[in-house]
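Here is a friendly walk through a few helices and two loop residues. Have a look at the model first, then read on.

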Amino acid sequence: MNIDLNADLGEGCGSDEALLDLVSSANIACGWHAGGASAMRECVRWAVAKGVAIGAHPSFYDRENFGRKEMDLPPEEIYAGMLYQMGALAAIARAEGGKVVHVKPHGALYNQAAKSQAISEAIVTAVRDFDPALRVFGLAGSKLVSAAREVGLVAIEEVFADRGYRADGSLVPRSQPGALLDDEEEVLTRVLVMAKDRQVRAVSGEWVSIHAQTVCLHGDGDHALAFAKRIRGALETSGISVTASV
């Protein structure tokens with residue numbers, strides 16, 4: 001059995017190089033919510049050196065709110081923004097001897113795409129038109145996953161080690177209680193259950209079926225690196241190999 005571990009990098013959180021020793025996929029910020037050209041190049045270099053799969057992490061154009069503010073944009077604007085950001089990272093990756101292999105939207109763009117058919121279609125159409133070999137990371141069971149598959153892309157279903165879930169499989173908004181988990185033992189247990197049993201307990205108590213193909217480890221928390229080390233160790237001890245979904 002194997003599973004992918006991914007982290008969102010290039011966001012100025014300080015643990016990027018160390019996290020790349022623990023994850024198998026890196027989602028690199030493309031400058032619209034955080035980071036920029038130099039940060040992208042640095043992360044790409046580290047990922048290439050460590051053999052970690054490179055992914056684009058595009059966002060709404062929203063540095064002020066770290067890409068977490070919901071926006072009501074026309075599909076063609078989302079499409080153009082996706083192309084712009086993917087193209088920037090792809091150029092840097094090519095120059096550094098690497099290649100972008102997946103795309104994972106960030107923040108509000110990711111969360112809105114999980115529920116909106118129009119936003120999902122704009123995202124996956126841009127990915128398909130840019131490079132149909134790219135894989136799309138989306139919230140497990142979401143509209144983004146189904147939209148990607150409908151246009152012939154490979155979708156990788158993502159779960160979160162340290163985020164609270166609702167009974168419908170969606171994430172608890174960060175503004176609400178239970179959105180973030182900080183107990184290491186609880187996180188470890190939950191990741192193993194998601195990976196092995198394909199289910200997660202919602203904040204309301206129900207067990208929710210979930211297809212875990214890649215696990216996101218947030219790199220911006222106080223204990224991010226410690227979480228990553230313990231999660232990877234627990235997976236491997238349980239006989240689960242950590243490999244990129246490529």
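Helices α7 and α8 are oblique to each other (a class for angles outside the ranges under 35, over 145 and 65 to 115 degrees). Helix α7 (residues 184-197) and helix α8 (residues 224-237) pack at about 40°, and their axes are 10 Å apart. Their crossing is right-handed. On the α7 side, the contact (heavy atoms within 4.5 Å) involves residues including Val187, Leu188 and Val191; on the α8 side, Phe227, Arg230 and Ile231 are among them.

A note on the source: this is a predicted model, where local features need pLDDT of at least 70, side-chain atom pairs count only at pLDDT 80 or more, and totals for chains, interfaces and linings use all residues. Residues are numbered from 1 along each chain, and side-chain values use heavy atoms, leaving out hydrogens and water.

Now to helix α5 (residues 117-130). Its 14 residues should span 20 Å at 1.5 Å a residue, and the end C-alpha atoms are 20 Å apart, which agrees. Serine 116 caps the N-terminal end, with a side-chain oxygen 3.4 Å from the backbone nitrogen of alanine 118. Buried residues (under 20% relative accessible area) of α5 include Ile119, Ile123 and Val127. The buried residues of α5 pack against α3, β4, α4, β5 and α6.

Finally, two residues other than glycine have a positive phi:

| Residue | Phi | Loop |
|---|---|---|
| Phenylalanine 66 | about 55° | between β3 (53-57) and α3 |
| Arginine 198 | near 55° | between α7 and β7 (199-201) |

Phenylalanine 66 counts as buried at 18% relative accessibility, whereas arginine 198, at 47%, counts as partly exposed (between 20% and 50%).

Key
Helices (H or I, at least four residues) and strands (E, at least two) are DSSP runs, numbered from the N terminus. The expected span of a helix is 1.5 Å times one less than its number of residues. Buried means under 20% relative accessible area, exposed over 50%, partly exposed in between (1.4 Å probe, protein chains only). A polar contact is a pair of N or O atoms within 3.5 Å; within protein, one must be able to donate a hydrogen and the other to accept it, and residues adjacent in sequence count only if both atoms are side-chain atoms. Axes are lines fitted to C-alpha atoms, for helices over the stretch in contact, and angles run from 0 to 180 degrees between N-to-C directions. A crossing is left-handed if the near helix is turned anticlockwise from the far one by less than a right angle, and right-handed if clockwise.
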